[in-house]
Amino acid sequence: MDKVEKGHSNTQLDLLHEETFTRTVFGFWLYLMTDCLLFGTLFCTYGVLYNQTAGGPSSNELFSLKLVFTETMILLLSSFSCGMALLAMLKFQKAKIIGWLMTTFVLGAAFLFLEITEFKDLIHDGHGPDRSAFLSSYFTLVGTHGLHVFFGLLWLTVMIWQVITFGVNIETFRRLVLFNMFWHLLDLVWIFIFTFVYLIGVN
Amino acid sequence: MKIPKKPVLPMLIAAGILIFIILLMQPFTILKFGDKIGVLFPKGMIGYEQRNLLFIVQALMLLVIIPVYVLTFMFSWIYRADNPRGIYDPDLVDNVPAEIIWWGLPFVMVVIVSVLTWIKTHELDPYKSIESKNKEMTVQVVALQWKWLFIYPTEKIASLNYLQLPVNTPVRFELSADSPMNSFWIPSLGGQIYAMPGMTTILNLIANEPGNYRGSSAHISGEGFARMYFNTKVTSKEDFDTWVATTQGTTNKLEIKAFNNLALPSVMDPQIFTLEDPELFDRIVNKYMHH
Amino acid sequence: MFGRLTLNAFLHDFVQTQAVVGMVVGAIALVIGLTYFKLWKTLWNDWITTVDHKRIGIMYIVVVVIMFLKGFTDAMMIRLQQMLSVGDSQGFLDAAHFQEVFSAHGTTMIFFVGMGSVFGLMNLIIPLQIGARDVAFPFINALGFWLFASGALLSLISLAVGRFSGAGWLAYPPLSSLQYSPGEGVDYWIWIVQIAGIGSTIGGINFLVTILKMRCPGMTLMRMPIFVWSCLCAVILIVLAFPILTATLAMLSLDRTIGTHFFTVDGGGNYMMYINLIWAWGHPEVYILILPMFGVFSEIVPTFSEKRLFGYASMVWALLFITFISFVVWLHHFFTMGASPYVNAFFGIATMVIAIPTGVKIFNWLFTKFRGRVHFTSPMLWFFAFLLNFTVAGMTGMLLSVPPVDFQVHNSLFLIAHFHGMVIGGVLFGFFAAFTYWFPKFTGFYLDERLNWYAFWCWLSGFLLAFMPLYMLGFMGATRRLDHYEAETGWQFLFIVVFIGAIILFCGAIIQFAGLFWSIYNRKKNWDHTNGDPWNGRTLEWSIPSPPPIYNFATIPTVNSRDPLWEIKHGGSPPAKKEYEDIYLPINTSMGCFIGLFSLFFGFAMTWQMWWLAIISFVAIIVTLIIRLSSADKHKLITAEVVKKMESDQIRSQKSYG
């Protein structure tokens, strides 16, 4: 973090920190929008290809709503714990922050574990992404979401370490705000996946 | 540094001469190549309609383009910095009537062309059958690497890299491919359409004058794609029937096995076949479908 | 260990071997030169690790010039082949090599020359025109450049190692699928474009935030220079369109590596979907290339007419209109794919509608000249060339937008003539205009005007000769991308004319290169003594010294109108007060360059299926990113006293030459 030079006021630095915060949050919103467009393209592709089962199984034969419901609940809870971590940060409660962040991590990891298991079983039964266009687009759409969750968990690990080491400062606060935005967006994308891929697919 | 002054008048004259020379190239090439310019001198009604549409839209566009050129030259000359007689009005930054004109007139022009586009796009829909007193015939076209296969299902013949058609007869082309995407184009008769694997497209054309017209693929499909040209011979109905009868007598048979050989990447000379399998085209289209 | 890379990949035909040798010799000469003049340290400290937008802009331009050499050579080879390869002759390139050449030509010109010019200009000019000291995210900006450079370097490597794609600059499946293109070529293309594309996306985000959040006090949106407006619209397009490209390329790559069926012929794949997606990106892309160049002309014409831009508000609305409509015209690139007449007509009409605001802009520029005092400096010559060439191309665009007409000219040389008129007449001439206009700002001296005069004539006449005959060739049935044709077609005559035009264009390019070196050699003679305002400019970049100091503005200006510098010079605004304050600037970092390097390895590894290298380089990218993004904010401080000294030193050194 920049230190204030001897003999110089810190108003320039304060202004710098404020500007950095506003701009970074805005820039990150824009990045999330590009991510939405990426997912949008994958959703479009799924919409075009979901009936192309090439003689193989279709969505209503493959999807288990029970599993998906569990995954959804886990992810929603992890969003909740993530938000609680940010609230704790506003109160400078370091221990609580770390606790909520770790909860988020565990829940996120559980989500990922369930998803990987689902993929593994499908591939094992011969319903892998190379079986048909439907399965290609399913695996890529859901898999891209899972990949984002994975990188989110990586980010979360670094965040936990940073809060432990540096506590609450302008940088860790800014980064946790960004992480919250990211994590909640993944939740939102999952709701769309849940609706358009699984719920509709099972009918 | 002193910026050397540019000789404005010689520059404008030279640019004008350049443009004039280029414009002259148009009538020159038309005189030199004549009928070889298939799009401008079509031999089929569809091509004829498309060319007329081109001319109409072009003429409308010139109404906008010519003023742009004239103003470019005029303003460059009149308002050049060392012209003492050019009025200098640095506060002239807006003029609502002028803006209305150049937002408005192009808008009106676009409306006119849009209406024309809507009507003509429907009229000249490649999928639309051509009305004629002569009965329509069907030719099935399969794009291969790197040749064109023409199947005549009614006549039970086929030809490779050679198309023969009777004059004044509407032809319904059904197109597909067993190759990457290609585009079937006979400029003298009319516009093109893509020929794609696993799908069927339809193109309706009619040839109104006997002759030999070049056809080719307008979409890259691999190494040999430049060799995918073929001759379209348009003859009288009698000559066409004679050709069909002769072809029906050939020993060269076309069915799925022979077809699979043809489909291998290669460049071939024209050939004719008898069609052993009337369902061949459907088989080709469905080749990649799961049943 | 080496995936599918074998020693065979290093063997090429005679022509290509020469190109590779030339490239290698050039690289070696560069290394020797840097060593001899002891420039490695400067290169590392001042250029490779920089986060200064001005330096990054210059680096973009350097890459543009190198890639332009490559793309232009490809073009000369194409036209030479087409002049020679008639009847029994196969010319000097076999069909497969020819297809790689035109695929490389398009890819190089669009992604590296075009996008590089746009990002180079945005980097150099935007902060200066909005009165800012820096961009919003200096590191992300640098990273965007290094990803761009990484893609460029990968494309140069593809010339030397293995074969490039032969599927055209957009690699349509099924041709680009594993079934018909099993080799490494299409994979090279995917990773070159993917890496450069991600660089563009993050660069776009950076400039969007810069323009919206960092304008100086008093500069409302409607007081921004039109160049900044046009770049704002371009980055909106970048941010909305490039993610589509990223996703589509990823899907094509999955098809080619793990056997998915997005765009395959079998397994339920839909290759028409690729064409829709790629053009949903592709059409905004061409507007990304042209809008900043429209902005360039909007700066140049007022400056050299000594008059305000005519119809500022109209120009802004025209830009916004173009930006948003550009998302609903993409189907005009494939009217012939068999869509219903309702669909075709809709997209045709939408395309025509976009022509209206473009025409409005041309009239506004013309009427800026009306009752102005027009100086035919180098930038204005390029504007003149633009008016003559771009308008015709725009007109033929209207013809192409009528579906039944398009059926007769699609994929023929008519189409090639149209879009080259747009990219050469519009993008390239715009770039030349910008280059000659802003060159004195960043170097402190002028480019040689006389050599530019000769270059202008070469480009104007060469372009007309090389591209006007293509319209007629298209009408004669000549399609694009042909490596051979029969003598009976009669096309050779026009191909000869076209090749002569290409030679003239080549002379123009040579004169420009020579002009650049000649100007640098003669810089003392061409020194700018006007304290940073050689053209009697109107906007803020001309109010600071040439070359600008690292912090751009010693005092952040306050504006109260458009054309703020003009107002100050003509008494409409008070001159800027000289109050100095402490300035914090971001520090240098090598992380951007390293991530670019790891991306290069990643792209190469994925192309040659060296999975171990792909994994290692990908992990390296992630680790470097994490290190960078979790490190503390650090800045360097330039105190007010130092700023004051730097300002007075600059004025003294400016006066001392001459």
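In chain B, helices α1 (8-33) and α2 (45-78) each supply at least two residues of a nonpolar patch. Helices and strands here are DSSP runs, numbered from the N terminus (H or I and at least four residues for a helix, E and at least two for a strand). What you're looking at is a predicted model, where local features need pLDDT of at least 70, side-chain atom pairs count only at pLDDT 80 or more, and totals for chains, interfaces and linings use all residues. Residues are numbered from 1 along each chain as its sequence is written, chains are lettered from A and ligands numbered from 1 in the order in which they are written, and side-chain values use heavy atoms, with hydrogens and water left out.

Back to that patch. It sits on the surface and is made of B:Leu9, B:Ile13, B:Ile17, B:Ile21, B:Leu62, B:Ile66, B:Val70, B:Met74, B:Trp77 and B:Ile78, which together offer about 820 Å² of accessible area. To join a patch, a residue needs over 30% relative accessible area and no salt bridge; like charges are joined within 9 Å, and nonpolar side chains (Val, Leu, Ile, Met, Phe, Trp, Tyr) within 5 Å. A salt bridge, in turn, is a side-chain nitrogen of Lys or Arg within 4 Å of a carboxyl oxygen of Asp or Glu. The areas come from the Shrake-Rupley method with a 1.4 Å probe, and for residues only the protein chains shown count as cover. The most generous contributor is α2(B), with six residues. An α-helix has 3.6 residues a turn, so residues three or four places apart point the same way. One of the patch residues in α2(B) is B:Val70, and at 40% relative accessibility B:Val70 counts as partly exposed. That label covers everything between buried (under 20% relative accessible area) and exposed (over 50%), with a 1.4 Å probe and protein chains only.

Further along chain B, the strands take over. Start with β1 (residues 137-144), which pairs with β2 in the antiparallel sense over five bridges; strands count as paired if DSSP finds at least two bridges between them. B:Leu144 stands opposite B:Lys147, and just two residues lie between the two strands of this hairpin. On the other side of the pairing story, β2(B) also runs antiparallel to β3 (residues 157-160), with four bridges. Here B:Tyr152 faces B:Ile157, and the hairpin has four residues between its strands, including B:Lys156 in the turn with a positive phi of about 60°.

How enclosed is β2 (residues 147-152) of chain B? Six of its six residues are buried, so β2(B) is largely enclosed by the rest of the structure. In a regular strand the side chains alternate between the two faces of the sheet. You can follow this in β2(B): B:Lys147, B:Leu149 and B:Ile151 point one way, B:Trp148, B:Phe150 and B:Tyr152 the other, and all are buried.

Chain B also holds an open sheet of five strands, in the order β4-β10-β9-β6-β7 with mixed pairing. The edges belong to β4 (162-166) and β7 (190-195), each with a single partner strand, so one side of each is left without a neighbour in the sheet. From one strand to the next, the twist averages 20°; angles like this run from 0 to 180 degrees between N-to-C directions, using axes fitted to C-alpha atoms (for helices, over the stretch in contact). Strand β10 (residues 230-235) is parallel to β4(B), with five bridges. Along that pairing, B:Leu165 has B:Val234 as its bridge partner, and B:Pro166 stands opposite B:Thr235. With β9 (residues 211-217), though, β10(B) runs antiparallel, again over five bridges, and B:Arg214 is opposite B:Asn231.

Chain A has six helices and zero strands. Its C-alpha atoms fill a box of roughly 75 × 30 × 25 Å along the principal axes, and 51% of its 203 residues count as buried.

Finally, chain C. Helix α5 (residues 138-160) has 23 residues and reaches 34 Å from first C-alpha to last, close to the 33 Å expected; that expected span is 1.5 Å times one less than the number of residues. Of those 23 residues, 19 are buried. Just after α5(C), C:Gly162 takes a positive phi of about 80°. Helix α17 (residues 591-608) is mostly covered too, with 13 of its 18 residues buried.
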